[in-house]
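Hi,

Here's the structure I said I'd pass along. Have a look at it first, and my notes follow below.

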Amino acid sequence: MSLRNPADRWGAVSQFLHWTIAVAILAMAVIGLSLDSLPKSPSYFWVFNLHKSLGLTVLALAAVRLAWRLYAGAPTPIASIPDWQRWLARVTHWLLYGLIIAMPLSGWLFDSASGLRPLRWFNLFQVPKLIGPNTGVREIARDAHGWIFWVLALLIVMHAGAALYHHYFVGDGTLRRMLPGRRTPLPSSNRNP
């Protein structure tokens, strides 16, 4: 049995990486958006370090996901999907990969340029700084981190919306290809009304 993605769906490795990264990004977003409202106490720094540790975890998982995608390929596109939608999905996927990698990199650069104490990844080991303290780089990295987040959030909403549209309105199995369980997607003619 090959670990590569079969022609009709995403394989278990791709599914695991996809959903793990999705949950981690959701957790990071909730934490990141709540940081400004937290009082600057010892628990604030614990939450901030959790956010940064999750970010570096997403960076590592995204690199693995991208490498796996290049190695394992992608399922054959569903024939009933118009060419323009396939093209848009392909562009969106590659933009998502790029932004999911750029987001933690910009955060890591921001943290490095801030001159803060070294991050200990989940309190297990110290993460090296990318550069020394630098106010100019710090500001650029902070702004980039914010902008990348909002563009990534928009793309994720579009990605999820398209999957739900295909699942509930078209019934072509697009979403089921990324869900564990059923080995092959149901044909659209067998879907429930």
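**Salt bridges and the overall fold**

Asp 111 is buried, with a relative accessible area of 6%. Its side chain meets that of Lys 129 in a salt bridge, 3.3 Å from N to O. That pair links distant parts of the chain: Asp 111 sits in helix H3, and Lys 129, 18 residues away, is in the loop between strand E2 (125-126) and helix H4 (135-170). Lys 129 is partly exposed, at 31%.

Keep in mind that this is a predicted model. The protein has four helices and two strands, running α-α-α-β-β-α from the N terminus. Of its 193 residues, 34% are buried.

Helix H3 covers residues 83-114, and its end C-alpha atoms are 46 Å apart, which agrees with the 46 Å expected for 32 residues at 1.5 Å each. Right after H3 comes Gly 115, with a positive phi near 75 degrees.

There are six salt bridges in the structure. One of them joins Arg 86 to Asp 83, with the closest N and O atoms 3.8 Å apart; both residues lie in H3, three residues apart, or about one turn of the helix. Asp 83 is exposed at 59%, while Arg 86 is partly exposed at 25%.

In H4, Glu 139 and Arg 142 are also three residues apart, and their closest N and O atoms are 2.8 Å apart in another salt bridge. Both belong to a salt-bridge network with Arg 138 and Asp 143.

On charges, the mean positions of the 18 positive and 7 negative ones are 9 Å apart.

Cheers

Conventions:
Residues are numbered from 1 along each chain as its sequence is written. This is a predicted model: local features need pLDDT of at least 70, side-chain atom pairs count only at pLDDT 80 or more; totals for chains, interfaces and linings use all residues. Side-chain values use heavy atoms; hydrogens and water are left out. Buried means under 20% relative accessible area, exposed over 50%, partly exposed in between (1.4 Å probe, protein chains only). Lys and Arg count as positive and Asp and Glu as negative; His and the chain ends are not counted. The place of a charge is taken as NZ of Lys, CZ of Arg, CG of Asp or CD of Glu. The expected span of a helix is 1.5 Å times one less than its number of residues. A salt bridge is a side-chain nitrogen of Lys or Arg within 4 Å of a carboxyl oxygen of Asp or Glu.
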